[in-house]
Amino acid sequence: MNLFSKLPRSFKPLCCIFALCSSMTVWADRTIIADTALLQQWLAMPGQFHPLPTASQDTWRQAVPQAIRTQYILSAQYYSGKPWPSLPLSLFAEFKRTGERASFEQASFAKRRQLAMLAMGAVMQGGGPLVKDVADGLWSLMDETWWGVPAHYKHNVPLAGDQTVDLFNAETASLVAWTTYMLRSQLDSISPEIAQKVGRELQRRILQPALKQRYWWKTAGMNWNPWICSNWLTCVLLFENDRDRQLMAVKQIMAAMQAFVDAYPADGGCDEGADYWDRAAASLYECLRLLSLATKGHINHADNPKIRAMMAYAYHSYIENGYCVNFADAHKNRMPQQLNVILPMAQYFADDTLKGFAAYIAEHKQWKQRVAETFLRSGNYPTLGRELFFALQCADLFSITPREPLLPDVWLPQLQVMTARRGPLFLAVKGGHNDESHNHNDVGSFIIYAHGKPVLVDAGVGTYTATTFSKQRYSIWTMQSQYHNLPQVNGFDQREGRNYAAKNVKYSPGHISMDLANTYPTEAGISKWVRSIEISETKREKQAQVVIKDKYALDSLIAPTRWMLLAAVQPQCTEPGKIIIGSCTLHYHPGLNATIEPLESVMDSHLKSMWQEGLYRVILTNDDPRLTSLELRISGKE
């Protein structure tokens, strides 16, 4: 039976409180925040919240197919008996010295991955010998001074007195909370002190500091807000034993969720990119799911149009063949949507496109044969709560027809992102401004895929370092417009900032135009730069093409104008005015000078794993002041 089948889907209009106040206002788009009196009436009392059956209950053996349970158990047994490493102080301190963050994070995430897999296996077994490994893992985590990562911490070493709430100490807290909740009786059989210590540590590390501190992320319109709140809310509902503190925390969390939703555009677009959707809108859904369960359906937003649009971004940004549009700081060019959240989300919102997409993801990732591997790779480390809810519903996948969401046209007017597919070609174009979350200076850039394979692309982002989120961010080449599909004008690139934005953006299906003049500094001497991009298909010739037209006026020509194109397969210059890129042909003005620049030397290991055929910058240079327009055509045949 679907876990949520008994919950009402109809929205119940609620009153709104501002922040922690109980004064009432009305939010036109349907508020997330419940009136204090209603919340007291609806919210499960401390110790009375039972969102999932525990490991002792037969539900798991009845609802999860045997073959699926076996895979979880076998993978957990691989970790059984393995040591629980400590995290060296010197490794933590390395970040402040060098800015390198990957080494500590990899060690920390691997340890949590081990616990998540052991806990999942123990749940599927209903306890058993894996529980002692779980107990050892929990005890080892209790010995860590702080559960976060050094990039989010002001000290060069973790201090017991500073329990700053960041993404990963909140994520660890949720892992610990779910593990203890699911296996409480089995852990108590070893010693009741395990669960008692977990409760004390959750109070000290997340429940108290999150409630008392005015963290910036509580009002943020980006992933930190719902990502942390989803984990904080888990700990509040499962481990907060004081009713007043519980209510105060839930009200704060709902106020934070409200701030997050209010910051989003009506089109539901995620300016952080598809890769962060998994921890932005998807984490918001996790909060909504918990609130719905904890209030027996009284707080339910399955029909909220704005929130539904935020969830639909999962397929609005989808390309084909497992690829997604990767504008901004996307760490992947492959499908970031995680199966263990997208299936329950699809059912909560009754979104048939999401349901078909979930089944397609399962098929594409060969989930039935790789259950545990899919779980282990579902994030920096697996989110146990997500997998538990998913596991109870996973049998539904067997009855859903897989449907790859190949939408012909998508337009997100507030985010100013369009996608279109014609014949073998897929096109995505972005407008917007250069002060978006995880911003790259890339207004007016585009990407093109052919037959589900990358041709002209956005590089994404390499491994995060201290520089990535510092004042030197735009010294990184992947953040610069000259490494996107954009022009460099009089030697100038686009600048960062809210004022550097597209103007006069006009859209119709398969076509977009915008003025890019304001995205460059005044020193570039641009009085007009209108870029129009159109995709079309000639069915008779079984061919599609993308045409990019730039019409511009410069005050003077200080340096040659250069058009940059970033290719994901090595271009071949066959003759003046023609370059072959994969299965596509690029046609350009033969008077331009074309050069090909391999980028392997500036790509780190992460980027190389994304773009396995390499990245190449095509540079088309013009030094003729009489040329005031340019047309590029990229064509592909079926």
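User: What is a nonpolar core, the term I need first?

Analyst: A nonpolar core is a set of buried Ala, Val, Leu, Ile, Met, Phe, Trp, Tyr and Cys residues joined through side-chain atoms within 4.5 Å. In soluble globular proteins, nonpolar side chains tend to be buried together. Keep in mind that this model is predicted. Its largest nonpolar core has 162 residues. Trp 60, Tyr 72, Leu 202, Trp 232 and Leu 284 have the most contacts inside that core.

User: Which helix gives the most to this core?

Analyst: Helix H10, residues 224-239, does, with 11 residues.

User: What does Trp 60 touch, not counting residues up to four places away in sequence?

Analyst: Trp 60 touches Leu 52, Pro 53, Thr 54 and Ala 55, among others. The list also includes Arg 69, Val 123, Met 124 and Met 182. Leu 388, Ala 391 and Leu 392 are in contact with Trp 60 too.

User: Which residues does the second core include?

Analyst: The second core is separate and has 44 residues. Among them are Ala 420, Met 514, Tyr 552 and Ile 581.

User: Now the charged pairs. How many salt bridges does the structure hold?

Analyst: The structure holds 25 salt bridges. To read one, find the two side chains, then ask where each sits in the chain. Start with Glu 201 and Arg 205, whose closest N and O atoms are 2.7 Å apart. Both sit in helix H9, residues 192-212. They are separated by about one helical turn, because they are 4 residues apart in that helix.

User: Are Glu 201 and Arg 205 buried or exposed?

Analyst: Buried means under 20% relative accessible area. Glu 201 has 12%, so it is buried. Arg 205 has 1% and counts as buried too.

User: Which parts of the chain does the pair of Arg 386 and Asp 278 tie together?

Analyst: This salt bridge has its closest N and O atoms 2.8 Å apart. Arg 386 lies in helix H18, residues 384-393, and Asp 278 in the loop between H12 and H13, so the pair ties together parts 108 residues apart in sequence. Arg 386 is buried at 1% relative accessibility, and Asp 278 is buried at 6%.

User: Which residues are joined into one network by salt bridges that share partners?

Analyst: Glu 171, Asp 278, Arg 279, Glu 286, Arg 289 and Arg 386 are. Within this group, the side chains of Arg 279 and Glu 171 meet in a salt bridge of 3.4 Å, N to O. That pair links distant parts of the chain. Arg 279 is in the loop between helix H12 (274-277) and helix H13 (281-294), while Glu 171 is in helix H7 (residues 167-182). Both residues are buried.

User: How do I read one polar residue, such as Gln 186?

Analyst: Place the residue, check its burial, then list its partners. Gln 186 is in helix H8, residues 184-190. With a relative accessible area of 11%, Gln 186 is buried. Its side chain has a polar contact of 3.1 Å with that of Ser 185. Leaving aside neighbours within four places in sequence, Gln 186 is in contact with Ala 55, Ser 56, Gly 126, Gly 127 and Val 131.

User: And strands? How many bridges join strand E16 to strand E23?

Analyst: In a regular strand the side chains alternate between the two faces of the sheet. Here, 9 bridges join E16 (residues 543-554) to E23 (residues 629-637), and these strands run antiparallel. Gln 545 stands opposite Ser 635 in E23. Strand E20, residues 584-587, also pairs with E23 in the antiparallel sense, over 4 bridges. There, His 587 has Arg 633 in E23 as its bridge partner.

Conventions
Residues numbered from 1 in each chain as written. Predicted model: local features only at pLDDT ≥ 70, side-chain atom pairs only at ≥ 80, totals over all residues. Heavy atoms only, no water. Salt bridge = Lys/Arg side-chain N within 4 Å of Asp/Glu carboxyl O. Helix = DSSP H or I, 4+ residues; strand = E, 2+ residues; numbered from the N terminus. Buried < 20%, exposed > 50% of the residue type's maximum accessible area, 1.4 Å probe, protein only. Contact = heavy atoms within 4.5 Å. Polar contact = N/O pair within 3.5 Å; in protein donor to acceptor, adjacent residues only side chain to side chain. Pairing = 2+ DSSP bridges.
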